[in-house]
Amino acid sequence: MKASTDDFLRELKLIAHHMEEAYRSKLESITSPLLLVIRLPDGTDARFVISKRGIKLYQEEQDIPQKIFITYRDFMRVLEKPSRALRYIFEGKIKVVGDYRILMKIFENTL
């Protein structure tokens, strides 16, 4: 049976919850919010705002200058092995929009 959009969203919400619990103290040090856009296999986007308030899923578009775009498959691979993130950025599999210094500081604090 093929997974549906709801299945992917449910899994991503669970991952976000676990990451929020594990990195609570590190999330509190984030000074500027970050929008993580994950392209699901069916072509829809899951938008997560990562800020000092936690990791939240939003259905509507968010006006946040710092953005990261990644496919679901690549996101799961980065979770398995976080060291892939930098390589994926250089290969263009992860697209970064915004102030790189802020994004790198967030990566440095959370990875």
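A salt bridge here is a side-chain nitrogen of Lys or Arg within 4 Å of a carboxyl oxygen of Asp or Glu. Keep that cut-off at hand for the exercises below, which all use a predicted model.

## Exercise 1: Charged pairs

**Task.** Decide how E20 and R24 are paired, and work out which further residue belongs to their network.

**Solution.**

Step 1. Start with the distance. The closest N and O atoms of E20 and R24 are 3.1 Å apart. The cut-off is 4 Å, so the two residues form a salt bridge.

Step 2. Next, look at the surroundings of each partner. E20 has a relative accessible area of 9% and is buried, whereas R24, with 32%, is partly exposed. The limits behind these words are under 20% for buried and over 50% for exposed, with partly exposed in between.

Step 3. Try a pair within a helix. R87 and E91 form a salt bridge too, with 3.3 Å between the closest N and O atoms. Both residues belong to helix 4 and sit 4 residues apart, about one turn of the helix. An α-helix has 3.6 residues a turn, so residues three or four places apart point the same way. R87 is partly exposed at 44% relative accessibility, and E91 is partly exposed at 45%.

Step 4. Now return to the network. Salt bridges with shared partners join E20, R24 and K56, which makes K56 the further residue.

Step 5. Add one more pair for practice. R84 and E80 meet through their side chains in a salt bridge of 3.7 Å, N to O. R84 is partly exposed at 21%, while E80 is exposed at 63%. Over the whole structure, the search finds 7 salt bridges.

## Exercise 2: A buried acid

**Task.** Find out how far D74 is from the nearest side chain of opposite charge, and say what follows for salt bridges.

**Solution.**

Step 1. Locate the residue: D74 is in helix 3 and is buried.

Step 2. Find the nearest side chain of opposite charge. That is R77, 4.3 Å away.

Step 3. Compare with the cut-off. A salt bridge needs a nitrogen-to-oxygen distance within 4 Å, so D74 has none.

Step 4. See what else D74 touches. Leaving aside neighbours within four places in sequence, D74 is in contact with Y88 and K93.

## Exercise 3: One aromatic pair

**Task.** Work out which geometry the F8 and Y72 pair has, and which elements the pair links.

**Solution.**

Step 1. Count the pairs: the structure holds 1 aromatic pair.

Step 2. Read its geometry. The ring centres of F8 and Y72 are 4.7 Å apart and their planes are at 65°. Planes over 60 degrees apart count as edge-to-face, so this pair is edge-to-face.

Step 3. Place the residues. F8 is in helix 1 and Y72 in helix 3, 64 residues apart, so the pair links distant parts of the chain.

Step 4. Check burial. F8 has 13% relative accessibility and counts as buried; Y72, at 10%, counts as buried as well.

Step 5. Widen the view to helix 3. Its buried residues are Y72, D74, F75, M76 and V78, and they pack against helix 1, strand 1, strand 4 and helix 4.

## Exercise 4: The core and the whole fold

**Task.** Identify which element gives the largest share of the largest nonpolar core, then describe the fold around it.

**Solution.**

Step 1. Take the core itself. The largest nonpolar core has 28 residues, and those with the most contacts inside it are L12, L36, I38, L40, F48, F75 and I94.

Step 2. Sort by element. Among those supplying at least two residues each are helix 1 (5-22), strand 2 (45-51) and helix 5 (100-110). Helix 1 gives the largest share, 5 residues.

Step 3. Zoom in on one member. Beyond its neighbours within four places in sequence, F48 has contacts that include L12, A16, L36, I38 and L57.

Step 4. Step back to the fold. The protein has 5 helices and 5 strands, in the order α-α-β-β-β-β-α-α-β-α from the N terminus. Its radius of gyration is 13 Å, close to the 13 Å of the globule rule for 111 residues, so the protein is as compact as a globular protein of that length.

Step 5. Finish with two totals. Buried residues make up 38% of the 111 residues. Of the contacts with a separation of 6 or more, 62% are between residues 24 or more positions apart.

Terms used: Residues numbered from 1 in each chain as written. Predicted model: local features only at pLDDT ≥ 70, side-chain atom pairs only at ≥ 80, totals over all residues. Heavy atoms only, no water. Core = buried A, V, L, I, M, F, W, Y, C linked by side-chain atoms within 4.5 Å. Buried < 20%, exposed > 50% of the residue type's maximum accessible area, 1.4 Å probe, protein only. Contact = heavy atoms within 4.5 Å. Phe/Tyr/Trp six-rings, centres within 6.5 Å; stacked < 30°, edge-to-face > 60°. Lys, Arg positive; Asp, Glu negative; His and termini not counted. Rg over C-alpha atoms; globule rule 2.2 N^0.38 Å.
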